[in-house]
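Hi,

Here is the structure I promised to pass on. Have a look at it first, then read my notes below.

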Amino acid sequence: MPDAAPGRADLIERLVSLCKQRGFVFPSSEIYGGINAVYDYGPLGVRLRRNIRRRWWRAMVDLRDDVEGIETAVLMNPEVWVASGHVQSFSDPLVDCTGKCRKRWREDHLADERRARGRPPDAPGCPECGGALTPARQFNLMFKTFVGPVEEDAAQVWLRPETAQGMFVNFANVVNSTRRRIPFGIAQIGKGFRNEISPGNFIFRLREFELMEMEWFCKPGSDREWHEYWCAERMRWHVEDLGVRAANLRLRAHEKDELSHYSTATSDIEYRFPFGWGELEGIADRTDFDLDTHMKHSGRDLSYFDTATNERYVPYVVEPALGLDRVMITLLVDGYDEEDVRGETRVVLRLHPDVAPVQVAILPLSKKAELCEPARAIEHGLRSRFATEYDETQSIGRRYRRQDEIGTPLAVTFDFESLNDHAVTIRERDGMSQVRVGVDSLAEALGDQLTASRSRAAQRVSGANPVDQLRGGD
Ligand code: GAP
């Protein structure tokens, strides 16, 4: 993953520390020393993730009239994974260091690992110690477990590495229960598990993670056109719905030797992370591979009768697949900013107002009851409209600093003057501008300011915009 974002080498370390300190991300089972590549999400992390999920579901299901939602189980009949090709082919090439460090590596990541350690990418041997490496062998990424009390081969199942198969095996159930006509999609959000050989970069590559996937069923022959459509639509979503800076995104088509066993064409939406360009979302043309293989293995007919053309066919599938944890690290990296304010460094997380864990913070100027009580009442009154937080601890300066660090777009301060003029101060995160508004019109003023903040996020779209490039613009 060469070509890292310039000047941001230690950004991930800063984010790890901010996320722990402020309650976004904690190492899993930390009091026992943690477990590699597994994380827990704290109070603010949960709010951020729920907002991202909501944005995805809104764009992919709620605002469309051609996509149905579904939730399928993590454990599936093991035949699913034999049929899907995952038992045979869902593996990465693994090499071992026979030198000093004895580390394991993904063979296809060796060049990046060397680069990350300041070695030439084509240097021979182990990226860490330079020792000789074993020949590559294939390592299957699926976690195994057992169903029932006996640990024997007959009881062995896998934890799903993707949610997609749950949608393929339910294709006929969804068609029959909803009378959907092709083209249409099935979407789901859920956990996936992969025993990654070289996880890392904080929450970028995990062993337990969450997927947001949609299988778009279409007529054979129309798949390439739909693939283009979904590449443009998904790029639009990252930029316009989440406010990711367009200049940090690109669309990259897979080379033939990179394609998954089920795909004839895949394009990745990549983000420019501090450690280089990395996959954010994959949009794959899966053809009829999955439905066809499930028909053969299960003996069930999963073909579709097109009443418009009187044809029977096995639909082709285009799949946009996105990791929730990847979106989260993208938003943290993209939003993180440090600026000098009167000789002090201000850390700001410039999150889009619709994903920010807190939209409006209500802060009484001091801990005096005469300020806290009305401020608390104002916060209660705003709860049904905005994601709010009430905070009366520490000095006002430190509370502003905390709200900036967690990405809160607006802070409302109730001061001694408020007792007389029934007005409060709204402070805006990005420009730190302040306006005084009456308590009676506060909700409306906050709504207007959030709208303005949305437009500012949208303005970051202009310039070298990959959405326009996809549409054939500049
Ligand atoms: N059903 C297709 C599929 O699973 P993928 O490219 O292997 O495709 C889809 O995964 C998305 O899931 C990726 O683009 C990435 O956002 C996320 N993802 C994949 N492996 C991950 C991991 N180990 N940790 C976190 N996110 C991961």
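Below is what I found, starting with a sheet and ending with some ring contacts.

Keep in mind that this is a predicted model.

The sheet first. It is open and has 7 strands, in the order β3-β9-β10-β16-β13-β12-β11, with mixed pairing. At the edges you'll find β3 (67-69) and β11 (249-253), each of them pairing on one side only. Neighbouring strands are turned against each other by 25° on average, ignoring direction. In case the word "pairing" is new to you: strands of a sheet pair through backbone hydrogen bonds, either parallel or antiparallel. For an antiparallel example, try β13 (residues 276-287) and β16 (residues 316-323), which share 6 bridges. There, threonine 287 stands opposite valine 317 in β16.

Two helices lie across strands of this sheet. Helix α7 (residues 171-178) crosses β3, β9 and β10, at about 135° to β9. Helix α8 (residues 223-241) lies across β10, β11, β12, β13 and β16, at about 145° to β13.

Now the rings. The count comes to 15 aromatic pairs. One of them is phenylalanine 168 with phenylalanine 217: the centres are 6.3 Å apart and the planes stand at 90°, so this pair is edge-to-face. It links distant parts of the chain, with phenylalanine 168 in helix α6 and phenylalanine 217 in strand β10, 49 residues apart. Both are buried, and together with Phe171 and Phe184 they form one aromatic cluster.

Finally, two charges over rings: the charged end of arginine 49 sits 3.7 Å from the ring centre of tyrosine 41, and that of arginine 286 sits 3.5 Å from the ring centre of tyrosine 262.

Cheers

Key: Residues are numbered from 1 along each chain as its sequence is written. This is a predicted model: local features need pLDDT of at least 70, side-chain atom pairs count only at pLDDT 80 or more; totals for chains, interfaces and linings use all residues. Side-chain values use heavy atoms; hydrogens and water are left out. Two strands pair if DSSP finds at least two bridges between them. Helices (H or I, at least four residues) and strands (E, at least two) are DSSP runs, numbered from the N terminus. Axes are lines fitted to C-alpha atoms, for helices over the stretch in contact, and angles run from 0 to 180 degrees between N-to-C directions. Contact means heavy atoms within 4.5 Å. Rings of Phe, Tyr and Trp (its six-membered ring) pair if their centres lie within 6.5 Å; planes under 30 degrees apart count as stacked, over 60 as edge-to-face and the rest as tilted. Buried means under 20% relative accessible area, exposed over 50%, partly exposed in between (1.4 Å probe, protein chains only). A charge sits over a ring if NZ of Lys or CZ of Arg is within 6 Å of the ring centre and within 35 degrees of the ring normal.
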